[in-house]
Amino acid sequence: MSVSAEVRVLADERMALAAAVSARLGGPSRLERLARSEAGREFLRGLSPVDAMRLLHCWALHARPKQILPSTPWETALVCAGRGFGKTRLAAEFVRQEIFEGRARSVAIVGPTERETLRYCVGGRRRGQGSGFLDVLAPWERAETTLFDAKKEIRIGERATIYLCSGEDRELRGAGLDLVWVDEPIKIAHVRELLDNIALALRDGANPRLLITTTPKANADWLREIVVDPGTIVRRGSTTENSALSPAAVARMKRRFKDSRLAAQELEGELLSDAPGSVFRQSLIEQHRVVKAPALRTVAIGIDPSKSGHADADECGVVVVGLGYDRHLYVLADGTQRSDPQQWVRTIHDLWAAHRADVLVLETNNLGRHALSSVLAYWPSAKRPRVQEINALGDKLSRADPLSVLYDQGRVHHVGSLAYLEKELVDFSPGGRSPNRIDALGHAIHNLTEGYAQ
């Protein structure tokens, strides 16, 4: 379901306003500022062990101003920021504060998958290093805290219960909650359904609230609907604001992504629209995304091979696509990589087995017969796959156009989130880099649509 042009304009205006407001909150934490002066350092050195321990677990001192949510009334807080900004720590500390100050008793933490909920939102595996809820607790708070029911809930003494959920179990029926934290909902296929059920479950307490932490995805219309809601506050932030990140890693990301749309989205946390003149539109990908593929008639793996794994070499495009009995196409996996032939053939073999593929569709434009020789030479098992060789004709745009028609018709469905493939699709321009994923996707789809006339 797409939103109107008016909602898009209003959402863009609110995101720009949020960026301006957030910019005024820029700067280091109180503790960082204190440690910059000799008097401040002398004060810290003079703390007793008890006071030092309390300071260690005082979020108001450790948080950057942007990481403190306002005390003014709000229904939904959207923290829309780049990777590494500190969204998880912000949310975990907010949940901790609301529980131990008595404002939340029935809480849900929702990650994209059960594994991500436990690993990133709950944490507790890397003492002193993680950013999850268990990681931020002080020792005296941790003593009250117990995981129950096969790690499906956390109980904090008589204070509160936290229910651990995921986008995979999105109903939340029967729950009466006063606080919900949803992390990275852009990775959840049926996010609207999840948010609708959360709205119905947030009905306990004096001020039930929803906290969303995410790096945005281009043209996520459901996110725009949240942004324009009058009960929503928006906090913006970028990757580079977190001084705890490795300077070398930040510099590497800047070099790699430069001024691209991916940098704006992933590092600056901008909510982008479809690029003007886009061949592929993120809005359509979102509209037709599914959680699980139906029964499939046949499965093909498209391959745009590469010669080597050298840093300057093209990636080897590897995309798995299935044809359903409904005559729709389901994109199942993206195994694209920059590696030598031995490694990408092993990846293809693993995908062949995992998805019970029927045919490899192998482009032979650049490598000629060497591409097939590589597959046969490095194939790990004795039983060889069925291979169809294909010679890609025309320029990149002419090869992408038939695919875009299928996307426009709603006949192509991404199964779950395929972030890098989707980025390549929505960023595609005829004058850009070689679209290895798009070519591999096109080869698989061509085989499936030609073999079974639509």
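In this predicted model, the axes of helix 1 and helix 11 (residues 221–228) come within 9 Å of each other and cross at roughly 65°. The crossing is left-handed. Helix 1 also packs on an open sheet of eight strands. A second open sheet has six strands, and helix 15 packs on that one. A search of the whole structure turns up four aromatic pairs.

**Helix 1 against helix 11**

- Helix 1 contributes Val7, Arg8, Leu10, Ala11, Asp12, Arg14 and Met15 to the contact.
- Helix 11 meets them with Asp221, Arg224, Val227 and Val228.
- Two numbers sum up the packing: an axis distance within 9 Å and a crossing angle of roughly 65°.

**The eight-stranded sheet**

- The strand order is 3-4-5-2-6-7-1-8, and the pairing is mixed.
- Strand 3 (145–148) and strand 8 (232–237) are the edges; each has a single partner strand, so one side of each has no neighbour in the sheet.
- On average, neighbouring strands of this sheet are turned by 15° against each other, direction ignored.
- Strand 6 (residues 179–183) and strand 7 (residues 209–214) run parallel and are joined by five bridges.
- Within this pairing, leucine 179 stands opposite arginine 209 of strand 7.
- Helix 1 (residues 5–23) packs on the sheet and touches strand 1 (76–81) and strand 8.
- The direction of helix 1 makes about 60° with that of strand 8.

**The six-stranded sheet**

- Here the order is 13-12-9-10-11-14, again with mixed pairing.
- Strand 13 and strand 14 (412–414) are at the edges; each has a single partner strand, so one side of each lacks a neighbour in the sheet.
- Neighbouring strands of this sheet are turned by 25° against each other on average, direction ignored.
- Strand 9 (residues 296–304) and strand 12 (residues 359–363) run parallel, joined by four bridges.
- Isoleucine 303 has leucine 362 in strand 12 as its bridge partner.
- Helix 15 packs on this sheet, touching strand 9, strand 10 (317–324), strand 11 (329–334) and strand 12.
- The direction of helix 15 makes about 175° with that of strand 9.

**Aromatic pairs**

- Among the four aromatic pairs in the structure is phenylalanine 280 with tyrosine 407, edge-to-face at 5.4 Å centre to centre and 80° between the planes.
- Phenylalanine 280 lies in the loop between helix 13 (261–266) and helix 14 (282–288), and tyrosine 407 in helix 17 (residues 396–408), so the pair ties together parts 127 residues apart in sequence.
- Phenylalanine 280 is buried, at 2% relative accessible area.
- Tyrosine 407 is buried too, at 4%.
- Phe280 and Tyr407 join Phe428 in one aromatic cluster.
- Tryptophan 352 and tryptophan 379 also form an edge-to-face pair, with 6.1 Å centre to centre and 90° between the planes.
- Tryptophan 352 belongs to helix 15 (residues 341–354), while tryptophan 379 is in the loop between helix 16 (369–378) and strand 13 (387–390).
- The two tryptophans are 27 residues apart, and their pair links distant parts of the chain.
- Tryptophan 352 has 18% relative accessibility; the cut-off for buried is under 20%, so tryptophan 352 counts as buried.
- Tryptophan 379 is buried at 6%.

**Charges over rings**

- Arginine 209 places its charged end over the ring of tryptophan 74, 4.5 Å from the ring centre.
- Arginine 209 is also the residue opposite leucine 179 in the eight-stranded sheet.
- Arginine 64 lies over the face of phenylalanine 85, 4.8 Å from the ring centre.

How values were computed: Residues numbered from 1 in each chain as written. Predicted model: local features only at pLDDT ≥ 70, side-chain atom pairs only at ≥ 80, totals over all residues. Heavy atoms only, no water. Pairing = 2+ DSSP bridges. Axes fitted to C-alpha atoms, helices over the stretch in contact; angles between N-to-C directions. Contact = heavy atoms within 4.5 Å. Phe/Tyr/Trp six-rings, centres within 6.5 Å; stacked < 30°, edge-to-face > 60°. Buried < 20%, exposed > 50% of the residue type's maximum accessible area, 1.4 Å probe, protein only. Lys NZ or Arg CZ within 6 Å of the ring centre and 35° of its normal. Left-handed = near helix turned anticlockwise from the far one by under 90°.
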